[in-house]
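Work through the exercises below with the sequence and the three-dimensional view side by side. Try each task yourself before you read its solution.

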Amino acid sequence: MNILLHKEKKGKPDSLSGFTMIELVAVLIVVAVLAATVMFSVAPDQESLSSALNTFRSNLRYAQSLAMGQSHLLDEDPSDNTVIWGLSWGGSTYQLQVQGASQDYIKLPGSDSATITLPGTVQFGSSGSIHFNYRGEPVSTSESALSNDTSITLTQGTLSQAVTVVAETGFVQ
């Protein structure tokens, strides 16, 4: 099948010329592949920021699970549920804490250090900390329940993403 274009040549009546259907389909395939590549490409900064945020979110959940499942291991009196686990952060680093104090012997999963450094130019929007009681609820270091959700922002250049810890339930989203 030919797509016809009318073209008048010198001294000859109208002649027919055009592209074959295979040529047109080949061009459309090339254009579609290029468009898909451009449309679905993710900026490296966005990927690095998302990865750092997901790792931080996972480590928050880890601290919460330690508070719910292992606080009795640190207490002398098992009926006393005052051991709290949490994370503190600032600049481009964060670390696991027990009772509001950093412990060098405690290492987060996948790390050989007590302090985790965020990749590249990823930074925390501000310094802070969050802790969890034996029920997995977010509490202050004085063990009083938090009344508002806690939002933790990570930034990289002009990009930013946040993790929110719900006050009543400790749900990390």
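**Exercise 1. Find the order of the strands in the open three-stranded sheet, and say which strands stand at its edges.**

Step 1. The three strands follow one another in the order β7-β10-β11, forming an open sheet with antiparallel pairing. Because β7 (123–124) and β11 (159–165) each have a single partner strand, they stand at the edges, and one side of each is left without a neighbour in the sheet. Strands here are DSSP runs of E with at least two residues, helices are runs of H or I with at least four residues, and both are numbered from the N terminus. Two strands count as paired if DSSP finds at least two bridges between them.

Step 2. Strand β7 is joined to strand β10 (residues 150–156) by two bridges, and the two run antiparallel. In one of these pairings, F124 has L154 in β10 as its bridge partner.

Step 3. Before going on, note what kind of model this is: it is predicted, local features need pLDDT of at least 70, side-chain atom pairs count only at pLDDT 80 or more, and totals for chains, interfaces and linings use all residues. Residues are numbered from 1 along each chain as its sequence is written, and side-chain values use heavy atoms, with hydrogens and water left out.

Step 4. The pLDDT, which is the predictor's confidence in each residue on a scale from 0 to 100, has a mean of 80 over the chain, and 75% of the residues reach 70 or more. Among the elements, β7 has the highest mean pLDDT (93), whereas helix α3 (residues 71–74) has the lowest (52).

**Exercise 2. Describe the surroundings of strand β3 (residues 85–90): is the strand buried or exposed, and which strands are its partners?**

Step 1. Six of the six residues of β3 are buried, so the strand is largely enclosed by the rest of the structure. Buried means under 20% relative accessible area, exposed means over 50%, and partly exposed lies in between (1.4 Å probe, protein chains only).

Step 2. Look along the strand at the two directions: W85, L87 and W89 point one way, G86, S88 and G90 point the other way, and all are buried.

Step 3. Six bridges join β3 to strand β4 (residues 93–98), and these two strands run antiparallel. The bridge partner of G90 in β4 is T93. The two strands form a hairpin with two residues between them, and G91 in the turn has a positive phi of about 60 degrees.

Step 4. Strand β8 (residues 128–132) is also antiparallel to β3 and is joined to it by five bridges, with G128 as the bridge partner of W89.

**Exercise 3. Follow F132 and V172 to their neighbours, and decide whether each is buried or exposed.**

Step 1. F132 lies in strand β8, and because its relative accessibility is 0%, F132 counts as buried. Its C-alpha is 5.4 Å from that of W85, although the two are 47 residues apart in sequence.

Step 2. Leaving aside residues up to four places away in sequence, F132 touches several others, including L60, W85, E137 and V165. Contact means heavy atoms within 4.5 Å.

Step 3. V172 is found in the segment after β11 and counts as buried, because its relative accessibility is 1%. V172 and L60 are 112 residues apart along the chain, yet their C-alpha atoms are separated by 7.5 Å. Among the residues that V172 touches are R57, L60 and V165, again not counting residues up to four places away in sequence.

**Exercise 4. Search the structure for salt bridges and state how many there are.**

Step 1. A salt bridge requires a side-chain nitrogen of Lys or Arg within 4 Å of a carboxyl oxygen of Asp or Glu.

Step 2. The search of the whole structure finds one salt bridge. It joins E137 and R135, whose closest N and O atoms are 3.6 Å apart. E137 is partly exposed, with a relative accessible area of 24%.
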